[in-house]
Amino acid sequence: MASRVTIGGAAGFAGDRTDASGPLVEALAKADGPRFLMFETLAERTLALSQLERRRDPGRGYNPALDRFVAPVLASCLAHGIRIVGNFGAANPRGAALRIQAIAREQGLRPPRIAVVEGDDLTGVLSAAELAAREVGGAFLRGAPDIVAANVYLGARPIAEALDRGADIVVTGRVVDSALALGPLVHAFNWRWDDWDRIAAGTLAGHLLECGAQVTGGYFADPGVKDVPGLAEVGYPLAEIDADGAIVIGKPARTGGRIDRQTVIEQVLYEIHDPAAYLVPDVVLDLTEVTVTGIGPDRVRIVGARGQPAPETLKATVCVDAGVLGEAEISYAGANAAGRARLAAEVIRDRLARRAPDLQFRIDAIGAVSILGNDGGALSRPWPEVDDVRLRFAVRGGRPEDVRLLLDEVEALYCAGPGGGAGVRRHVTPRLASASCLIERKFALPRITMIEGPA
Amino acid sequence: MNRMKLRDIANARAGDKGNRLNLAVVCRDPAHYAALARGLTAERVATIFASRSPAKVVRYDLPKLGAFNFVLDDVLEGGVNTSLGLDGHGKSLSFLLLDAEIEI
């Protein structure tokens with residue numbers, strides 16, 4: 001039985017750095033005991049976007065950055081027995097596994113044993129009406145909107161089982177982020193699933209790793225107050241977990257960043273609501289007795305997670321089509337920039353009040369009044385006398401043509417608006433809205449498929 | 001009684017789930033915990049975010065971490081999927097809180 005497991009947190013979202021894994025793999029190659037590299041790349045919307053991609057091309061729908069995440073480290077991980085666990089399967093874990101087999105072939109490597117974890121996709125399991133009946137905290141699904149994706153959060157059990165069956169790589173779709181670490185820990189330590197405090201500790205380890213650099217000095221620096229050395233080359237986290245559940249967070253040698261009580265405590269509470277009851281499929285995690293202690297340079301020890309029995313129901317995220325977001329921007333700079341920008345905003349308001357009185361839009365004056373004190377986009381707060389303002393207009397609509405009027409009006413400010421209007425940019429972005437449902441466990445049956453040898 | 005900015009003695013981090021925002025506030029020196037517990041109440045945080053009209057603000061206390069977790073309902077203009085604003089996640093809102101004046 002292993003006494004210590006080391007896990008590297010190589011990605012915290014689909015757009016994360018693809019070169020973060022290099023130093024982690026180098027450090028893991030030198031570590032003793034079972035070692036894992038974890039990729040969390042599946043935010044709520046990411047999966048729905050992947051589902052749309054899969055509709056267009058059935059072979060796709062896995063994380064489009066899969067190659068850039070996996071290709072640089074695959075040879076080294078296979079050579080050193082570092083096992084990879086990632087939810088980069090998104091809407092097509094099987095497709096991702098086949099792609100990884102192809103990468104191995106292209107690199108002349110032995111075919112890895114890849115486990116595909118499926119069963120999170122509720123399409124064909126629950127109807128739109130059945131999902132609507134299980135919605136919590138809203139009634140998005142009542143009107144039977146077009147459902148783009150419906151996925152239930154699976155827990156760590158299928159990941160642990162896949163590793164028990166000898167997988168070099170485990171590819172999942174929607175699983176709770178923390179399961180990407182808990183699965184390896186249960187596999188390596190043979191923890192019982194009802195050893196709630198240890199399941200809680202493994203979940204906390206996953207929670208600390210799941211956002212990559214957010215525990216090592218990312219999402220933290222405030223120059224002069226909270227300085228982070230070497231932020232440009234911030235090291236991603238390495239967690240050492242003991243069989244009793246004690247966690248040490250560190251990072252690879254010769255990387256930037258900062259790990260101390262402050263960076264770790266901020267991440268312990270990241271996206272937490274009630275700290276006594278953080279619900280995941282595997283356990284109810286209680287953080288109230290957790291202690292965080294610095295034990296050396298860039299090394300912090302975390303103990304004291306407690307667990308209560310896992311919730312009876314599982315959360316599912318249902319994404320529905322929410323039309324489009326239209327945005328247009330124009331700059332005013334130099335003398336009386338704020339005055340000219342204010343006039344431009346008035347011109348647009350005035351014209352749309354006559355031409356499209358029902359159109360709902362907001363205006364931001366980036367550099368003067370935008371995120372703070374601009375609630376509802378009314379520009380009601382007094383503007384500072386800045387000499388460089390970027391006006392932004394945002395509107396939502398069902399279809400691209402519904403937002404076009406506003407975007408056209410902003411563009412026309414070039415010739416017909418205040419003096420010196422500059423640099424118009426316009427974008428139309430498809431939007432997805434999401435609803436949460438609570439699903440009985442009988443509808444969330446994980447399936448594991450081993451894909452070995454050449455595809 | 002000293003007036004100062006929260007930023008002088010504490011760190012904060014914002015997280016989101018839908019239209020709900022959580023703000024973790026962490027004392028840089030645990031000695032300030034009791035004073036912050038008195039001065040940074042849920043009501044005070046609701047006042048700081050009044051323009052976003054929170055439906056509810058709850059404070060959870062974490063004395064062993066020298067930290068508080070504030071949960072603010074319905075302050076993200078719909079959240080990242082529906083807000084027309086530039087910060088649907090509310091990631092910048094920790095720095096709005098840190099700019100608040102407190103008495104300790």
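Two residues are said to be in contact here when heavy atoms of theirs lie within 4.5 Å of each other. That definition serves the whole report, which describes a predicted model and begins with one residue before turning to the two chains.

**A residue in strand 4 of chain A**

Ala115(A) belongs to strand 4 of chain A. Is Ala115(A) buried or exposed? Its relative accessibility is 0%, and because buried means under 20%, Ala115(A) counts as buried. Leaving aside neighbours within four places in sequence, Ala115(A) is in contact with Ala162(A), Ala167(A), Ile169(A), Val170(A) and Val171(A), and also with Ile448(A), Thr449(A) and Met450(A). For one of these partners a distance can be given: the C-alpha atoms of Ala115(A) and Val171(A) are separated by 6.1 Å, although the two residues are 56 residues apart along the chain.

**Helix 7 and its surroundings**

Ala162(A), one of the contacts of Ala115(A), is also one of the buried residues of helix 7 of chain A, a helix that covers residues 157–164. The others named as buried in this helix are Pro158(A), Ile159(A), Ala160(A) and Leu163(A). Which elements do the buried residues of helix 7 of chain A pack against? They meet strand 2 (35–39), strand 3 (83–86), strand 4 (114–118), strand 7 (169–172) and strand 19 (447–451), together with helix 8 (179–189), and these elements belong to chain A as well. After helix 7 of chain A comes Gly166(A), a residue whose phi is positive, near 95°.

**Chain A as a whole**

Chain A holds twelve helices and 19 strands. Its radius of gyration is 25 Å, which agrees with the value near 23 Å that a compact globule of 455 residues would have. Taken along the principal axes, the C-alpha atoms of chain A fill a box of roughly 75 × 55 × 50 Å. Of the contacts in chain A between residues at least 6 apart in sequence, 76% join residues at least 24 apart. The centres of its positive and negative side chains lie 2 Å apart.

**Chain B**

Chain B has three helices and six strands, and along the sequence these follow the pattern β-β-β-α-α-β-β-α-β. The radius of gyration of chain B is 13 Å, close to the 13 Å that the globule rule gives for 104 residues, so chain B is as compact as a globular protein of that length. Its C-alpha trace spans about 40 × 25 × 20 Å along the principal axes. Contacts in chain B between residues at least 6 apart in sequence join residues at least 24 apart in 60% of cases, and the centres of its positive and negative side chains lie 4 Å apart.

The table sets out some totals for each chain.

| Chain | Buried residues | Exposed area | Charged side chains |
|---|---|---|---|
| Chain A | 56% of 455 residues | about 18100 Å², 51% from carbon and sulfur atoms | 51 positive and 57 negative |
| Chain B | 51% of 104 residues | about 4200 Å², 51% from carbon and sulfur atoms | 14 positive and 12 negative |

**Confidence of the prediction**

Where pLDDT is low, the predicted coordinates should not be read in detail. For chain B the average pLDDT is 94, and 100% of the residues score at least 70. For the complex, the predictor gives an ipTM of 0.97 and a pTM of 0.96.

Methods. Residues are numbered from 1 along each chain as its sequence is written. Chains are lettered from A and ligands numbered from 1 in the order in which they are written. This is a predicted model: local features need pLDDT of at least 70, side-chain atom pairs count only at pLDDT 80 or more; totals for chains, interfaces and linings use all residues. Side-chain values use heavy atoms; hydrogens and water are left out. Helices (H or I, at least four residues) and strands (E, at least two) are DSSP runs, numbered from the N terminus. The radius of gyration is taken over C-alpha atoms; the globule rule is 2.2 Å times the number of residues to the power 0.38. Buried means under 20% relative accessible area, exposed over 50%, partly exposed in between (1.4 Å probe, protein chains only). Accessible areas come from the Shrake-Rupley method with a 1.4 Å probe; for residues, only the protein chains shown count as cover. Lys and Arg count as positive and Asp and Glu as negative; His and the chain ends are not counted. The place of a charge is taken as NZ of Lys, CZ of Arg, CG of Asp or CD of Glu. pLDDT is the predictor's confidence in each residue, from 0 to 100.
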